[in-house]
Amino acid sequence: MKRIVTVQDISCVGKCSLTVALPIISAMGIETAVIPTAVLSTHTAFKGFTFRDLTEDITPILDHWKKEKIIFDAIYTGYLGSFRQLELMKKMFGDFKNDGTLIFVDPCMADNGNLYPGFTKEFAAAMAKLACLADIIVPNMTEASFMLNIPYKDSGYDLKYVENILVELAALGAKKVILKGVSFESKKIGVMCYDGETKAFSSYFHEKLPFSFHGTGDIFASVCAGALLRGLSEEKAVALAADFVVRAIKATVKNQNHNWYGVDFESEIPFLVGSL
Ligand code: PXL
């Protein structure tokens, strides 16, 4: 059985970060270790959330794992709460990367043109430096714009514009770039990918739903990382991740009393498992 470690916060209520990564990747048949970077009462779209930083626990956890000679097939980082955590992740990559360890960085920090509460442009620049070390990065269009320090365009861009973003992101150092939330027409949205080594582009587009929910980026990243570890090609992993998110959104809005803070991905887990 493959073993992944995912490093991101635990928002106790909110269906994002660890509360989606753990169930999804485990359901995909992969042992899922975690490092919680912070404990929040909810994700940061709620008012009045609590936030306990766990930066000081990271080094002792890693030291213990080194002593126990615990190794990982993949390291997947998501929401990181401070500059120091970014530095600690660089060290972790150096200490825990073996031949074949996949370094998967979701530069989770922004959406819809805005940084999440508490993040700054300087943090985005520092996140771009962490992303340099990755085999795969999975930014959305907003995160890509912040990482490249270019204005965010909501729409009205063309293929050349997105290809240029992909090439520029790969030039930062990551081997492969998976860019989410690309949309050239009102009814379709999807993912464009670029392999910096082969210089090949690929894409997967699907229907655009008139809803937007928190946590879908984390769900996409979790399915994608899990599928890659299960041996799916990058194209198939991206398509499965995108399809799963679409199905989860549809399952959510079917229920008129659905919550506003996250999607009902749980009901789509049988589809996910059946797709492997
Ligand atoms: O889903 C991304 C995410 C992760 N973690 C926390 C967040 C968010 C988005 O708002 O607030 C704490």
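## Basis of the description

Contact, as the word is used here, means heavy atoms within 4.5 Å. The structure described is a predicted model.

## The sheet and its helices

The framework is an open sheet of nine strands with mixed pairing, in the order E3-E2-E1-E4-E5-E8-E9-E10-E11. Strand E3 (51-53) and E11 are the edge strands, each of them pairing on one side only. Strands of a sheet pair through backbone hydrogen bonds, either parallel or antiparallel. This sheet offers an example of each sense. Strand E1 (residues 3-13) runs parallel to strand E2 (residues 31-42), and nine bridges join the two; Gln 8 has Pro 36 in E2 as its bridge partner.

Two helices may be placed against this part of the sheet. Helix H1 (residues 18-27) lies across E1, E2 and strand E4 (74-77), and its direction is at about 140° to E1. Helix H2 (residues 55-67) also packs on the sheet, where it touches E1, E2 and E3 and makes an angle of about 165° with the direction of E2.

## The hairpin at the edge

The antiparallel example involves strand E10 (residues 188-195) and strand E11 (residues 200-207), which pair over eight bridges. One of the bridges links Asp 195 to Ala 200 in E11. Together E10 and E11 form a hairpin with four residues between them, and in the turn Lys 199 has a positive phi of about 65°.

## Nonpolar cores

The largest nonpolar core has 50 residues, and the members that touch the most others are Val 5, Met 89, Met 92, Ile 137 and Val 162. Helix H4 (residues 121-131) supplies the largest share of this core, with seven residues. Apart from this core lies another, of 41 residues, including Met 28, Ala 74, Ala 225 and Val 246.

Met 92 illustrates the packing. Beyond its neighbours within four places in sequence, Met 92 contacts Val 5, Val 7, Ile 35, Leu 62, Trp 65, Ile 75 and Lys 97.

## Leu 179 in strand E9

Leu 179 belongs to strand E9 (residues 176-185). Leu 179 counts as buried because its relative accessibility is 0%, the cut-off being under 20%. When residues up to four places away in sequence are left out, Leu 179 touches Pro 139, Asn 140, Met 141, Ala 144, Val 162, Ile 165, Leu 166, Gly 190, Val 191 and Met 192. Of these contacts, Ile 165 stands 14 residues from Leu 179 along the chain, with 8.9 Å between the two C-alpha atoms.

## Cysteines

The model holds zero disulfides. Why is Cys 16 not bonded to Cys 108? The sulfur of Cys 108 is the closest cysteine sulfur to that of Cys 16, but it lies 7.5 Å away and is therefore too far for a bond; a disulfide requires the sulfur atoms to be within 2.5 Å. Cys 16 counts as buried, with 7% relative accessibility.

Cys 224 is likewise in no disulfide, since the nearest cysteine sulfur, in Cys 193, is 7.7 Å away. Cys 224 is buried, with a relative accessible area of 0%.

## The annotated domain

An unreviewed UniProt entry annotates residues 70-256 as "domain: Pyridoxamine kinase/Phosphomethylpyrimidine kinase". Over residues 70-256 the chain is 44% helix and 21% strand. The end C-alpha atoms of this stretch are 45 Å apart.

Key:
Residues are numbered from 1 along each chain as its sequence is written. This is a predicted model: local features need pLDDT of at least 70, side-chain atom pairs count only at pLDDT 80 or more; totals for chains, interfaces and linings use all residues. Side-chain values use heavy atoms; hydrogens and water are left out. A nonpolar core is a set of buried Ala, Val, Leu, Ile, Met, Phe, Trp, Tyr and Cys residues joined through side-chain atoms within 4.5 Å. Buried means under 20% relative accessible area, exposed over 50%, partly exposed in between (1.4 Å probe, protein chains only). Two strands pair if DSSP finds at least two bridges between them. UniProt positions are given in the numbering used here, feature names are shortened, and annotations may be inferred rather than shown by experiment. Axes are lines fitted to C-alpha atoms, for helices over the stretch in contact, and angles run from 0 to 180 degrees between N-to-C directions.
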